[in-house]
Amino acid sequence: MSDKSIYILAIESSCDDTGAAILNHNEVLSNVIANQEIHTQYGGVVPELASRAHQQNIVPVVAQALQKAQIKKEQLTAIAVTQGPGLMGSLLVGMSFAKSLAMALNIPLLAINHMQAHVLAHFIKDNEQKTPSFPFLCLTISGGHTQIVKVKDYFDFEVLGQTTDDAVGEAFDKSAKILGLDYPGGPFIDKYAQLGNPKAFKFPNPKTKNPIDFSFSGLKTAILYFIQKQVKLNPNFIKENRNDLYASIQHTIVTILMTKLSLAVAQTGIKQVAIAGGVSANSGIRKALLQTEKEKAWQCFIPKYAYTTDNAAMIGIAGYYAFLQGNFAQNSSISKARMPL
Ligand code: KG4
Ligand code: ZN
């Protein structure tokens with residue numbers, strides 16, 4: 001089989017976004033995503049509703065990905081699908097669909113770890129983006145995960161630090177909820193933080209036993225108590241201080257992330273630093289990273305926005321490397337709600 005003919009259909013359905021992408025080699029031909037608006041009114045993802053919406057979306061999303069890439073399903077070489085971690089009901093929809101289609105087309109199935117895929121998104125071919133070389137550090141920050149990993153090879157990861165409670169995306173979203181914002185509030189905080197004073201309010205930086213681990217539940221509680229106290233004194237407190245609150249919360253979170261990252265660089269001596277995951281779209285962390293790159297001679301890798309939040313292109317690139325390694329899934333492969341790196 002000539003290298004040119006490698007077309008991978010990738011499917012992502014680990015949480016509340018249904019994604020399908022087509023890759024030729026390491027190049028993205030199409031990357032389609034259907035976001036599920038239904039969860040906004042509940043203030044978070046409702047697993048039952050998410051799996052139902054995946055069932056509704058998966059066929060049209062895959063059809064659209066094929067159409068945009070101008071590829072017929074008979075041309076596909078393999079199908080990559082998120083195996084885990086994620087919501088079981090959501091994962092099952094993607095896995096069952098991918099397995100059936102792979103069987104029908106008689107092509108291999110590639111079972112992909114969602115968190116590895118976030119990191120491997122850095123290897124998507126894009127002339128504007130530079131690619132890290134091994135080993136590098138990756139701060140993977142999303143709604144479900146917060147990790148600093150040493151990436152030794154495409155599928156060789158060592159977790160140096162991780163959250164002991166909430167993920168950083170949850171810290172953004174839960175703070176946003178306290179301030180009356182819809183789910184997910186992270187992008188909203190980011191947008192309006194830019195209009196506020198990041199030093200207006202000071203929030204704690206919770207301590208962890210392993211200095212490279214993270215803890216965000218204490219921060220969330222501190223923000224809640226602070227707001228409750230201020231609102232008692234002045235019912236208009238949130239309204240009058242909105243942008244300063246957003247800016248201060250974001251500044252606190254970004255400072256925590258950058259402190260841990262600096263410790264990991266000092267500990268490993270590795271100065272190639274990447275960020276990945278939904279929260280890597282945050283302008284505060286992007287700015288802080290570029291600043292540190294200048295000051296400390298790091299080499300930083302910041303993904304394109306399309307490859308930060310959940311997407312199928314990242315599953316496709318991980319699938320491409322799995323395919324090259326001959327790492328195919330069995331017919332008996334199962335979805336995994338928990339899945340180590
Ligand atoms: O990677 P992702 O799409 O899904 C998971 O695998 O969890 O990450 C979603 C998370 C949400 O918590 C969302 O609020 C956060 O990423 N997020 C942001 C921004 N964009 C997305 N947080 C802060 N600033 C942003 N610009
Ligand atoms: Zn994710």
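Strands β1 and β2 (residues 17–24) pair in the antiparallel sense over six bridges; strands here are DSSP runs of E with at least two residues, helices are runs of H or I with at least four, both numbered from the N terminus, and two strands pair if DSSP finds at least two bridges between them. This is a predicted model, in which local features need pLDDT of at least 70, side-chain atom pairs count only at pLDDT 80 or more, and totals for chains, interfaces and linings use all residues. Residues are numbered from 1 along each chain as its sequence is written, chains are lettered from A and ligands numbered from 1 in the order in which they are written, and side-chain values use heavy atoms, with hydrogens and water left out.

Let us stay with the strands for a moment. β1 and β2 form a hairpin with four residues between them. On its other partner, β1 (residues 7–12) runs parallel to β4, joined by four bridges. β4 in turn pairs with β5 (residues 109–113), again in the parallel sense, over five bridges. Some facing residues are listed here.

| Residue | Opposite residue |
|---|---|
| Ile8 | Leu23 in β2 |
| Leu9 | Ile79 in β4 |
| Ile11 | Val81 in β4 |
| Thr82 | Ile112 in β5 |

From β4 the chain passes through helix α2 (residues 88–105) to β5, a right-handed β-α-β crossover; that is, with the strands pointing away from the viewer, the path from the first strand over the helix to the second runs clockwise.

Six of the six residues of β1 are buried, so the strand is largely enclosed by the rest of the structure; buried means under 20% relative accessible area, exposed over 50%, and partly exposed in between (1.4 Å probe, protein chains only). Tyr7, Leu9 and Ile11 point one way, while Ile8, Ala10 and Glu12 point the other. In β4 (residues 78–84), seven of the seven residues are buried, so this strand too is largely enclosed.

Helix α1 (residues 47–69) has a kink of about 40 degrees at Asn57, shortly before Pro60; the bend is the angle between axes fitted to the seven residues ending there and the seven starting there. Among the buried residues of α1 are Leu49, His54, Asn57 and Leu66.

Finally, the metal. The zinc ion (ligand 2) has His114 (NE2), His118 (NE2) and Asp310 (OD) as protein donors, 2.0 to 2.2 Å away; donors are N, O and S atoms within 2.8 Å of the metal (3.2 Å for Na, K and Ca), and water is not among the atoms, so sites may look incomplete. His118 lies in helix α3 (residues 114–120) and Asp310 in the loop between β10 (299–301) and α9 (313–324), so the pair ties together parts that are 192 residues apart in sequence. Both His118 and Asp310 are buried.
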